[in-house]
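Biologist: Please take one helix of this protein and go through it closely, then place it against a few other parts of the chain.

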Amino acid sequence: MYEIYADMHVHIGRSENGKPIKITAAKSLNFANIAKECYERKGINLVGIIDCASPYVIEDIDNFLKSGDAYEIEDGGIVYKDKVCIILGSEVETSEINDNGKKGSAHNLCYFPTLADIKAFSNELRLHLKNITLSTQRTDLSGYDLIDIVEKYNGILIPAHCFTPHKSYYGNCTDSLKKIFKEKYDRIPAIELGLSSDTYLADQISELEGKTFLTNSDAHSLPKIAREYNKMELGGISFKEFVKAVKNEEGRKIVANYGLDPKLGKYHRTFCEKCNKRIPGPAPVLKCDTCVSHNITMGVFDRIEIIKDKKESISPKNRPEYIYQIPLTFIPGIGGKTIDKLLEHFGTEMTILHKLSSDDIEAVIGSKIAKNIIDAREGKMHIIEGGGGVYGKVE
Ligand SMILES: [Zn+2]
Ligand SMILES: [Zn+2]
């Protein structure tokens, strides 16, 4: 058994030959570049790419396998240069009827063991949406139906960023996942926390006690890969081992969640879209303190305050520790050039954020920025909370 780092939510911007997949994501974010970035710069061993049901991406994967650097393994997944295992996934938007009888939508992470499985899933999924080539298109399915289709092709379903205001189960569909999945609820092994929440916030909801928490980047560009990630204990890198870990089977498990301080997330607090500002006040904030507009975007922190059913946050015994990290891009004084310089010297961002001494960092980039990195590591920076799609800020 050994420890590995996993980021299970990375998008694709364009296919290799420039076809749009996720329009808002970077052009350089393609299948081969993600594998390389994980291998060379991020130190990620298990990566979930969640736009693999697009036929353009499937074409790229076929070509990637022919390149000779990567191969499919029997336990599921594609291994690149023996070090990085890519798990083929698809983020699917479902249509739900929310607790008030209105329409809601939620994102779901669906992971599959083989290219053949995701090809078959893609062929069935296309019957439920308008454009199968694009990322995370809205389907006419509910999560309750989707899980059967996913399992038919040997996959697993994990609710994505499950508290975010626009596209998530708790954010705009329900106050209880059990209401959506009913008797199928136990077939969901895990949930993704999302950037604006953490373990301690989520552990105020009792129905989540039996679920594993995942912290993933939801990266829309190469540098953002691993801004959140999981440390896992596995017997190897494969789809099968990943599934065992999220199900806590045979000693496989998540040993730590590394995530942003949720205050840095872009939906942490309630935001007034009319005044274009984060609304101050104790949670839950439900209306603007300045105008009478009802056009607010609910914060994750505020939403959890409403739906929580525990008096305090008590985590189950086997819950791994949540370790706050402030990615280099958030740290004051650090731009692209400094990051390149650091990576050149120290290999990966993980080493820089968590392992190096102040002296080591100082030798390369000077004492002022080195101090910022160490202060961020030790939680000594002041954070201005994010909301309404605007990231929080470190001061
Ligand atoms: Zn999503
Ligand atoms: Zn307002």
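Modeller: What follows is a close look at helix 2, and then at some other parts.

This is a predicted model, in which local features need pLDDT of at least 70 and side-chain atom pairs count only at pLDDT 80 or more, while totals for chains, interfaces and linings use all residues. Residues are numbered from 1 along each chain as its sequence is written, and chains are lettered from A and ligands numbered from 1 in the order in which they are written.

Helix 2 covers residues 55-66; helices (H or I, at least four residues) and strands (E, at least two) are DSSP runs, numbered from the N terminus. Its 12 residues should span 16 Å at 1.5 Å a residue, and this agrees with the 17 Å between its end C-alpha atoms. The expected span is 1.5 Å times one less than the number of residues.

Tyr56, Val57, Asp60, Ile61 and Phe64 of helix 2 are buried. A residue is buried if 20 or more other C-beta atoms lie within 10 Å of its own, exposed if 12 or fewer, and partly exposed in between, with C-beta atoms placed from the backbone. These buried residues sit on the same side of helix 2, because they cover an arc of only 140° around the axis; the arc is that of the directions from the helix axis to the C-beta atoms. Asp62 and Lys66 are exposed on the other side of helix 2. An α-helix has 3.6 residues a turn, so residues three or four places apart point the same way.

The buried residues of helix 2 pack against helix 1 (31-42), strand 3 (70-72) and helix 3 (115-125). Contact here requires C-beta atoms, placed from the backbone, within 7 Å. Just after helix 2, Gly68 has a positive phi of about 95°.

Next, the domains. The domain assignment gives domain 1 (2-263) and domain 2 (327-378); such bounds come from an automatic or database assignment. Taken over C-alpha atoms, the centres of domain 1 and domain 2 are 29 Å apart. Their contact takes 7 residues from domain 1 and 6 residues from domain 2.

Last, one residue in another helix. Ala376 lies in helix 13 (residues 367-377). Ala376 counts as buried because it has 23 C-beta neighbours inside 10 Å. Leaving out residues up to four places away in sequence, Ala376 touches Ile326, Ile331, Met381 and Val394. Gln325 is 51 residues from Ala376 in sequence, yet their C-alpha atoms are 7.4 Å apart in space.

Key. Two residues are in contact if their C-beta atoms, placed from the backbone, lie within 7 Å.
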